[in-house]
Amino acid sequence: MIEKHLTLDDVAPQIFYGAGNCNMRLLKSLYPKLRIVARDDVLHIMGDEVEMSAFEDNLQRLIRHTLTYNRLTEEDIVKITRGEKAGENTPKGAILYSVGGKPISPRSENQKQIVASFQHHDLTFITGPAGSGKTYLSIALAVKAYKEKSIRRIILSRPAVEAGEKLGFLPGDMREKIDPYLQPLYDALEDMIPAQKLREMMEQNIVQIAPLAFMRGRTLNDAVVILDEAQNTTSAQLRMFLTRMGQNCRMIVTGDPSQVDLPKGVRSGLVEALDILGQVEGVGFVRMNKSDIVRHKLVTKIVEAYESTDKN
């Protein structure tokens, strides 16, 4: 008889164990010669050596399945322990699966270009209208890179221009003042990483979300770094951000040049960077348009209406 402690690396325990621990009850019934006790993200196992070896092999398959599909059903467990293929075939071009188990895939040609640019460039600029999936797809690519262990951190940032970088009038401490402004970034992450796992990753600084001002003085290594709403950066701010790039770092800069909220007379750092860096080798550019909008169908009509007004 032997005893081992096995860790559910990167897997959300609540998904792996199942509702009311139904998955654990099934695993215990499939391995009657083992005593299996689950505590947090560690499995304490004692029992027959041969059955222990079989359990370890299948546990790794179960973990890989859970990481891929963001879910684990009793049917999946039975198939995997029998050596059968479980889960759906991953749709062509799918980046990863959401917490709800739906594949997250590029939905337009320009969104496919985002994926291609991320794969081939360490720095990618993505411009386009609201609702075209710039931020959501960028975060999906960052989460995938983390799951594949090609990076160790995901860093998301925004310039707090609408709040004027003067957050004192809001209630609470600095984190409570900033969080509402950064909520769109949390929304995307919560779609892709189970809530408890996301909290753990933020506590461990694996996922970091902060205003642009917090980037100053840092060197960002082994990370995917996303700057959202970059049209609201000044020239100095965007230059500061771009020069934070360290070793094994990939950056994505997103923005909509038609929605600049800077004071009148201040040129957008994003608009300037598109001009200055347009011919720099190793920098990718994806320019999206209203045909890429994937929100409610009215969003496209709203964008078109405002564009028509702007031209008059």
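Two strands count as paired when DSSP finds at least two bridges between them. Keep that in mind as we walk through this predicted model, since both of its sheets described here are built from such pairs.

Let's start with strand S7 (residues 153-158) and strand S9 (residues 223-227), which run in the parallel sense and share 5 bridges. If you want one spot to look at, find Arg153, which stands opposite Ala223 in S9. These two strands belong to an open sheet of 6 strands, and reading across it you meet S8-S7-S9-S10-S6-S11, with parallel pairing. Strand S8 (207-211) and strand S11 (283-287) sit at the edges; each has a single partner strand, so one side of each is left without a neighbour in the sheet. From one strand to the next, the twist averages 15 degrees.

Helices lie across this sheet too. Helix H8 (residues 183-192) lies across S7 and S8, and its direction makes an angle of about 150 degrees with S7. Helix H11 (residues 269-276) lies across strand S6 (123-127), strand S10 (249-255) and S11, running at about 120 degrees to S6.

Just ahead of S6, have a look at Asp122, which is in the loop between helix H5 (109-120) and S6. With a relative accessible area of 44%, Asp122 falls between the cut-offs of 20% and 50%, so Asp122 is partly exposed. Setting aside neighbours within four places in sequence, Asp122 is in contact with Met245, Cys249, Arg250, Met251 and Gly282. Leu270 is 148 residues from Asp122 along the chain, and the C-alpha atoms of the two are separated by 17 Å.

Thr135 makes a handy contrast. This residue is part of helix H6 (residues 134-147). Is Thr135 buried or exposed? Its relative accessible area is 17%, and because buried means under 20%, Thr135 counts as buried. Not counting residues up to four places away in sequence, Thr135 touches Leu185, Asp228 and Thr254.

Now for the other sheet. Here 3 strands form an open, antiparallel sheet in the order S1-S3-S2. Strand S1 (2-7) and strand S2 (34-39) are the edge strands, each pairing on one side only. The twist in this sheet averages 15 degrees from one strand to the next.

Strand S3 (residues 42-47) pairs with S2 in the antiparallel sense over 6 bridges. Along that pairing, Leu34 stands opposite Gly47, and Ile36 stands opposite Ile45. S2 and S3 form a hairpin with 2 residues between the strands, and in it Asp40 takes a positive phi near 55 degrees. S3 also pairs with S1, again in the antiparallel sense and over 6 bridges. On that side, the bridge partner of Ile2 is Gly47.

The side chains of S3 alternate: Leu43, Ile45 and Gly47 point to one face and are buried, while Val42, His44 and Met46 point to the other face and are not. Helix H3 (residues 49-69) lies across S1, S2 and S3, running at about 5 degrees to S1.

Helix H2 (residues 22-30) belongs in this part of the tour as well. Its buried residues are Cys22, Asn23, Met24, Leu26 and Leu27. They pack against helix H1 (13-17), S2, S3, H3 and helix H4 (74-81).

Last stop: the spaces inside. How many cavities of 30 Å³ or more does a search of the whole structure find? There are 2. The largest has a volume of about 150 Å³. Its lining consists of 15 residues, and Asp10, Leu67, Lys147, Ile193 and Lys197 lie nearest the centre. H3, H6 and helix H9 (195-203) each supply at least two residues of this lining, with the largest share, 3 residues, coming from H6. By class, the lining of the largest cavity divides into 10 nonpolar, 2 polar and 3 charged residues.

The second largest cavity holds about 30 Å³ of space. Leu8, Val11, Pro13, Asp41, Lys197 and Glu200 line it. In this lining there are 3 nonpolar, no polar and 3 charged residues. Lys197 is worth a second look: it is among the residues nearest the centre of the largest cavity, and it also lines the second largest one.

Definitions and conventions
Residues are numbered from 1 along each chain as its sequence is written. This is a predicted model: local features need pLDDT of at least 70, side-chain atom pairs count only at pLDDT 80 or more; totals for chains, interfaces and linings use all residues. Side-chain values use heavy atoms; hydrogens and water are left out. Helices (H or I, at least four residues) and strands (E, at least two) are DSSP runs, numbered from the N terminus. Buried means under 20% relative accessible area, exposed over 50%, partly exposed in between (1.4 Å probe, protein chains only). Contact means heavy atoms within 4.5 Å. Axes are lines fitted to C-alpha atoms, for helices over the stretch in contact, and angles run from 0 to 180 degrees between N-to-C directions. On a 1 Å grid over the protein atoms alone, a cavity is a set of points where a 1.4 Å probe fits but cannot get out, and a pocket is an open set with protein on both sides within 12 Å along at least five of seven lines; lining residues have an atom within 4 Å of a point. Grid points are joined across faces, edges and corners, and a volume is the space filled by probe spheres set on the points. Ala, Val, Leu, Ile, Met, Phe, Trp, Tyr, Cys and Pro count as nonpolar, Asp, Glu, Lys and Arg as charged, and the others, Gly among them, as polar.
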